[in-house]
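I opened the file and kept notes while going through it. The entries follow the order in which I looked things up.

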Amino acid sequence: MSSLLSTDSQGVPLGQRKQYKIVEINDAGNAPSGSRRAQSPTRRISNEVKTSQYTWWSFVVVFLYLTFQKTANLYFLLVGIFQIIPSVSPTDGVPLQFTPLAIIIVIDAIFAGYEDYKRHMADDLTISAKTRVFNRQLREFEEVEWRELKVGDIVVANHEILAADIMILAVVPAEGSRSGGNMGLCYVETKNLDGETNHKLREAPQPTRNMFTNEHEAG
């Protein structure tokens, strides 16, 4: 028994063809609308970091929802509700339990709001840091904030914290280096990711490692 399978131009069955993500290198269309790099409405996911839990308009709803996920708070809420019902209330319909519960919730809300405010400030400080990105129109590197980075941007860095997941395309030989030619080798530190402080050797791919031959060309 035989079966017919559709194949591509190389004879590979379509169902077995590997799926790849296509990234347009240094595509100006991925830049934010207010940036000098923006030339088209095409947008990709932003590079913004968000560790905060609330926004100013969702704080009350989200906070109360999370608060009453706690068994103790839910228990005292139910006790207070039963105190309102005269037929089963031991307090003649007066919800005495609501007073201490409200005090606890208000204090908890103040601390939660303050902690989340600090997260907002830390996030803003992080994504406001500057990095250098190649501007295709101006043919030069320009400083942009981390939040403005898009998929496919060409970034230059030297002893800096990298603003995103980055593929090493080229390595500029250090000034005065005695190595014969550009080997495309560099060292990276990943202690912010895995806690390891030792430097790891990384190599740029052969087709792109000679994109820049000196520090001036690399910005």
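**Helix α3 and its neighbours**

I started with the buried residues of α3, which pack against α1, α2 and β2. The model is a predicted one, and I read it as such. I listed the buried positions of α3: Leu101, Ile105, Ala109, Ala112, Asp116, Asp123 and Ile127.

Next I checked the length of the helix. At 1.5 Å a residue, the 30 residues of α3 should span 44 Å. I find its end C-alpha atoms 42 Å apart, which agrees.

Asp116 made me look twice, as an acidic residue in the buried list. Its relative accessible area is 3%, so Asp116 is buried, the limit being under 20%. Which residue forms a salt bridge with Asp116? I found Arg119, with the closest N and O atoms 3.2 Å apart. Both residues lie in α3, 3 residues apart, about one turn of the helix. Arg119 has 32% relative accessibility and therefore counts as partly exposed.

**Helix α2**

I ran the length check on α2, residues 71–84, as well. Its 14 residues should span 20 Å at 1.5 Å a residue. The end C-alpha atoms are 20 Å apart, which agrees.

Which residues of α2 are buried? I noted Asn73, Gly80 and Gln83. They cover an arc of only 80° around the axis, so they sit on the same side of α2. On the other side of α2, I noted Thr71 and Tyr75 as exposed. The buried residues of α2 pack against α1 (59–67) and α3 (98–127).

**Strands β1, β2 and β3**

I moved on to the strands. β1 (residues 130–135) and β2 (residues 140–145) run antiparallel, joined by 6 bridges. I picked out one pair: Phe134 has Phe141 in β2 as its bridge partner. The hairpin of β1 and β2 has 4 residues between the strands. There I looked at the backbone and found that Arg139 takes a positive phi near 60°.

β1 also pairs with β3 (residues 155–156). The sense is antiparallel, over 2 bridges. Here I noted Val155 in β3 as the bridge partner of Val133.

A reminder to myself for reading strands: in a regular one, the side chains alternate between the two faces of the sheet.

**Ala129**

I then looked at the loop between α3 and β1, where Ala129 is found. Is Ala129 buried, exposed or partly exposed? It counts as partly exposed, because its relative accessibility is 25%. Leaving out residues up to four places away in sequence, I list Val144, Glu145 and Trp146 as touching Ala129. I also took the C-alpha separation from Ala129 to Ile161. It is 9.9 Å, with the two residues 32 apart along the chain.

**Salt bridges**

How many salt bridges does a search of the whole structure find? I get 9. Two more of them went into the notebook in detail.

The side chains of Glu160 and Arg132 meet in a salt bridge, at 3.8 Å from N to O. Glu160 lies in the loop between β3 and β4 (185–188) and Arg132 in strand β1, so the pair ties together parts 28 residues apart in sequence. Glu160 has 37% relative accessibility and so counts as partly exposed. Arg132 is partly exposed too, with a relative accessible area of 25%.

Glu145, already noted as touching Ala129, forms a salt bridge with Arg147. The closest N and O atoms are 2.8 Å apart. Arg147 counts as partly exposed, at 23% relative accessibility. I traced this pair further: Asp124, Glu145 and Arg147 are linked in a network of salt bridges.

**Whole chain**

I closed with the totals. The protein chain has 4 helices and 5 strands. From the N terminus on, I read the elements as α-α-α-β-β-β-β-α-β. The chain has 219 residues, and 26% of them count as buried.

I then took contacts between residues at least 6 apart in sequence. Of these, 47% join residues at least 24 apart. The accessible surface comes to about 16,300 Å². Carbon and sulfur atoms hold 58% of that surface.

How values were computed: Residues are numbered from 1 along each chain as its sequence is written. This is a predicted model: local features need pLDDT of at least 70, side-chain atom pairs count only at pLDDT 80 or more; totals for chains, interfaces and linings use all residues. Side-chain values use heavy atoms; hydrogens and water are left out. The expected span of a helix is 1.5 Å times one less than its number of residues. Buried means under 20% relative accessible area, exposed over 50%, partly exposed in between (1.4 Å probe, protein chains only). The arc is that of the directions from the helix axis to the C-beta atoms. Contact means heavy atoms within 4.5 Å. Two strands pair if DSSP finds at least two bridges between them. Accessible areas come from the Shrake-Rupley method with a 1.4 Å probe; for residues, only the protein chains shown count as cover. A salt bridge is a side-chain nitrogen of Lys or Arg within 4 Å of a carboxyl oxygen of Asp or Glu.
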